[in-house]
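User: Hello! I am new to this structure and would like a friendly tour. Could you take my questions one at a time?

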Amino acid sequence: MIRDYGWQLRAYVLMSNHYHLYVRTPQANLSMGMRDLNGQHASFFNRRHKRVGHLFGGRFKSHLVNSETYLLALARYIVLNPVRAGMVNTAGEWRWSSYRATAGLAVMPAWLDPGPILDAINADDWNKAVRGYREFVEGVRSSEVEVTEGEWRKDPTPTPITSTSDDLTPIRTALESMGIIEEWPPRAGSTARCLVATMASRHTDAGRAAIGRFLGITARGVLYLIRLGEERAERDQWFAELILEGQRHIGLEAEK
């Protein structure tokens with residue numbers, strides 16, 4: 001469903017008689033997607049439990065998220081539903097929500113993208129963002145076991161070959177010499193912009209905010225570009241070869 005409709009799922013919770021979703025819909029297809037989601041789930045549920053008829057009553061309700069403050073409040077409200085209902089004592093005890101993955105306590109599924117939530121807490125440091133999220137929702141529980149950042153991501157990025165520097169100029173120079181960058185900053189949607197963000201993430205110590213200032217975009221935009229770049233590197237041989245060529249231009253060699 002997420003892939004079919006191009007949605008970006010930020011947070012969710014499945015309760016015994018309803019559910020909540022926090023989704024971004026780049027296309028105007030929320031009503032169509034919700035119709036299919038409810039219909040498909042109802043069909044599956046009815047087959048599994050040998051029942052007929054409607055599963056959900058009434059039309060879904062939606063609210064526009066138009067501020068960072070509301071974004072965080074909504075993210076917390078969603079995952080605390082089971083706590084408010086008295087079904088568990090903490091959000092981390094409820095298996096059917098996005099809390100544990102976003103809080104770094106479980107592996108992140110590929111279809112969940114809580115990036116903007118974590119960015120709103122700390123755009124530069126993943127560990128601080130995750131811990132800040134836990135504190136924001138319900139406080140840190142010392143008995144809970146964290147997963148590492150690499151384990152947290154469903155498709156972790158390759159081990160970075162770093163230049164141990166936050167200087168991004170060599171990446172720009174390399175891509176310019178390769179003829180990839182023809183204007184600065186690279187225009188939105190260009191391969192050049194995606195390459196800069198991906199290589200900066202892999203090969204420098206610069207945080208997303210610093211990369212964003214270099215490209216003239218937000219840290220949230222950088223997160224999107226990095227994820228897009230890593231996905232392209234997996235399925236697009238040409239893009240992957242551009243990264244390798246860029247490495248050679250800035251004097252980095254892949255680890256044997």
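User: What share of the 256 residues of the protein chain count as buried?

Analyst: Welcome! This is a predicted model, in which local features need pLDDT of at least 70, side-chain atom pairs count only at pLDDT 80 or more, and totals for chains, interfaces and linings use all residues. Residues are numbered from 1 along each chain as its sequence is written, and side-chain values use heavy atoms, with hydrogens and water left out. Buried means under 20% relative accessible area, exposed over 50% and partly exposed in between, with a 1.4 Å probe and protein chains only. Of the 256 residues, the buried share is 41%.

User: How many helices and strands does the protein chain have?

Analyst: Helices (H or I, at least four residues) and strands (E, at least two) are DSSP runs, numbered from the N terminus. For the protein chain, they come to 13 helices and two strands.

User: Which element gives the largest share of the largest nonpolar core?

Analyst: A nonpolar core is a set of buried Ala, Val, Leu, Ile, Met, Phe, Trp, Tyr and Cys residues joined through side-chain atoms within 4.5 Å. The largest one has 25 residues, and Tyr22, Ile78, Tyr99, Ile117, Tyr133 and Val137 have the most contacts inside it. Strand 1 (8–14), helix 3 (68–79), helix 6 (115–121) and helix 7 (126–137) each give two or more residues to this core. The largest share, six residues, comes from helix 3.

User: Why is helix 10 described as roughly perpendicular to helix 12?

Analyst: Axes are lines fitted to C-alpha atoms, for helices over the stretch in contact (heavy atoms within 4.5 Å), and angles run from 0 to 180 degrees between N-to-C directions. Angles under 35 degrees count as roughly parallel, over 145 as roughly antiparallel, 65 to 115 as roughly perpendicular and the rest as oblique. Helix 10 (residues 191–203) and helix 12 (residues 219–235) have axes 8 Å apart and pack at an angle of about 95°. Therefore helix 10 counts as roughly perpendicular to helix 12.

User: Which residue does a cis peptide bond join to Trp184?

Analyst: Most peptide bonds are trans. Here, a cis bond with omega of about -5° follows Trp184 and leads to Pro185. The loop between helix 9 (169–177) and helix 10 holds this proline, so the name you want is Pro185.

User: Is Arg35 buried or exposed?

Analyst: Arg35 has its place in helix 2 (residues 30–49). Because its relative accessibility is 56%, Arg35 counts as exposed.
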